[in-house]
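Hi everyone, thanks for coming. I'd like to walk you through one structure today, so let's put it on the screen.

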Amino acid sequence: PDLAEEKSWSFEVGIDKRWPAFLLHRFTVFHRRGADLIDYVLTPGSDITNVDNVMPDADYFYAQNISRLNTTGLEYMINLSHQWKKSKFEWNSGISFVKISGAGDTPSKYIANNSNVLWQNTIAFRHKRSSIVFQHLYKLRDKESAESIGANLSGSYHLVNFRLSHQPFGFIPLSIIVQVDNLLDERYSDILGAQMPGRWVK
């Protein structure tokens with residue numbers, strides 16, 4: 001398609017503070033204003049005139065310019081780290097609040113993937129040559145649906161990943177790793193019509 005170039009400007013301000021000494025706090029505020037942003041928008045095939053291999057009664061994600069899009073957000077992160085002898089414990093947690101305005105009812109991928117609230121946690125314990133890591137993500141967003149393709153985006157979901165690793169020989173850089181993605185076998189999608197994998201062991 002014939003697209004205009006994107007135009008945007010943004011600013012970000014933040015502060016880092018240790019209180020007490022073993023906790024690191026980070027606060028960030030950000031804002032972005034954009035015009036003619038390029039994104040994939042769910043579009044009827046009858047409105048797509050520059051290609052021949054589309055069906056007029058079907059919907060497609062088609063690149064278009066979004067006239068105006070403003071993004072404002074607040075992010076808070078905290079980090080705890082404690083080490084003793086040959087062991088180390090770490091906890092990282094971050095939560096962000098994001099508001100998008102100016103896009104109207106345009107069902108673009110960017111807007112669909114955006115979360116109103118995003119909470120992420122990582123807990124890691126390491127001892128000598130072994131480590132256990134848990135990752136957690138919670139996303140709260142607006143519900144989306146597309147009847148034409150029978151697809152829906154839920155308003156929220158939780159995702160947990162697990163990783164266990166061990167290096168049996170200290171003199172050889174060889175590790176045995178077991179990783180389980182989507183440990184709770186959550187059914188979710190980040191894009192309309194694209195179901196993400198369930199529990200996955202590798």
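Let me start with a question: how many bridges join S9 to S10, and do they run parallel or antiparallel? Five bridges join them, and the two strands run antiparallel. One pair to look for there is phenylalanine 162, which stands opposite valine 180 in S10. Please keep in mind throughout that this is a predicted model.

Let's step back to the whole protein. It has one helix and 13 strands. If you read along the sequence, the pattern is β-β-β-β-α-β-β-β-β-β-β-β-β-β, so to speak in the order you meet the elements on the chain.

Now the overall dimensions. The C-alpha trace spans about 65 × 40 × 30 Å along its principal axes. The radius of gyration is 22 Å, whereas a compact globule of 202 residues would have one near 17 Å. Of those 202 residues, 30% count as buried. The accessible surface comes to about 13200 Å², and 57% of that belongs to carbon and sulfur atoms.

For those of you who think about charge, there are 22 positive and 21 negative side chains. The centres of those two sets lie 19 Å apart. As for contacts, take those with a separation of 6 or more: residues 24 or more positions apart account for 52% of them.

Back to the strands, and let's follow the pairing from S4 onwards. Strand S4 covers residues 87-101 and strand S5 covers residues 117-127. The two pair in the antiparallel sense over 11 bridges, with glutamate 90 opposite alanine 124 in S5. Next, S5 is joined to strand S6, residues 130-140, by 11 bridges, and these strands are antiparallel too. Here threonine 122 stands opposite glutamine 135 in S6. Then S6 pairs with strand S9, residues 156-166, again antiparallel and over 11 bridges. In that pairing, valine 133 has arginine 163 in S9 as its bridge partner. And from S9 we are back at S10, where we came in.

While you look at these strands, here is a handy rule for reading them. In a regular strand, side chains alternate between the two faces of the sheet.

Let's zoom in on S4, with two residues in it. Is serine 96 buried or exposed? Serine 96, in strand S4, counts as buried because its relative accessibility is 10%, and the cut-off for buried is under 20%. Leaving aside its neighbours within four places in sequence, serine 96 is in contact with Leu74, Glu75, Asn116, Val117 and Leu118.

Lysine 88 also lies in S4. At 27% relative accessibility, lysine 88 counts as partly exposed. Not counting residues up to four places away, lysine 88 touches Ser81, His82, Gln83, Ala124, Phe125 and Arg126. You can also find serine 131 from here: the C-alpha atoms of lysine 88 and serine 131 are separated by 9.3 Å, although the two are 43 residues apart along the chain.

Over to strand S2, residues 23-44, where we find threonine 28. With 16% relative accessibility, threonine 28 counts as buried. Its contacts, again leaving aside neighbours within four places in sequence, are Glu12, Val13, Gly14, Gly73, Leu74 and Glu75. You'll recognise Leu74 and Glu75 from the contacts of serine 96.

Finally, some backbone details in the loops. Where is there a cis peptide bond? It joins tryptophan 19 and proline 20, with omega about -15 degrees. Proline 20 sits in the loop between strand S1, residues 7-18, and S2.

Next is lysine 128, in the loop between S5 and S6. This hairpin has two residues between its strands. Phi of lysine 128 is near 55 degrees, a positive value in a residue other than glycine. Lysine 128 counts as exposed, at 59% relative accessibility.

Aspartate 185 also has a positive phi, near 55 degrees, and it is likewise a residue other than glycine. Its place is in the loop between strand S10, residues 176-181, and strand S11, residues 189-191. At 38% relative accessibility, aspartate 185 counts as partly exposed.

That's my tour, and I'm happy to take questions. Thanks, everyone!

Key. Residues are numbered from 1 along each chain as its sequence is written. This is a predicted model: local features need pLDDT of at least 70, side-chain atom pairs count only at pLDDT 80 or more; totals for chains, interfaces and linings use all residues. Side-chain values use heavy atoms; hydrogens and water are left out. Two strands pair if DSSP finds at least two bridges between them. Helices (H or I, at least four residues) and strands (E, at least two) are DSSP runs, numbered from the N terminus. The radius of gyration is taken over C-alpha atoms; the globule rule is 2.2 Å times the number of residues to the power 0.38. Buried means under 20% relative accessible area, exposed over 50%, partly exposed in between (1.4 Å probe, protein chains only). Contact means heavy atoms within 4.5 Å. Accessible areas come from the Shrake-Rupley method with a 1.4 Å probe; for residues, only the protein chains shown count as cover. Lys and Arg count as positive and Asp and Glu as negative; His and the chain ends are not counted. The place of a charge is taken as NZ of Lys, CZ of Arg, CG of Asp or CD of Glu.
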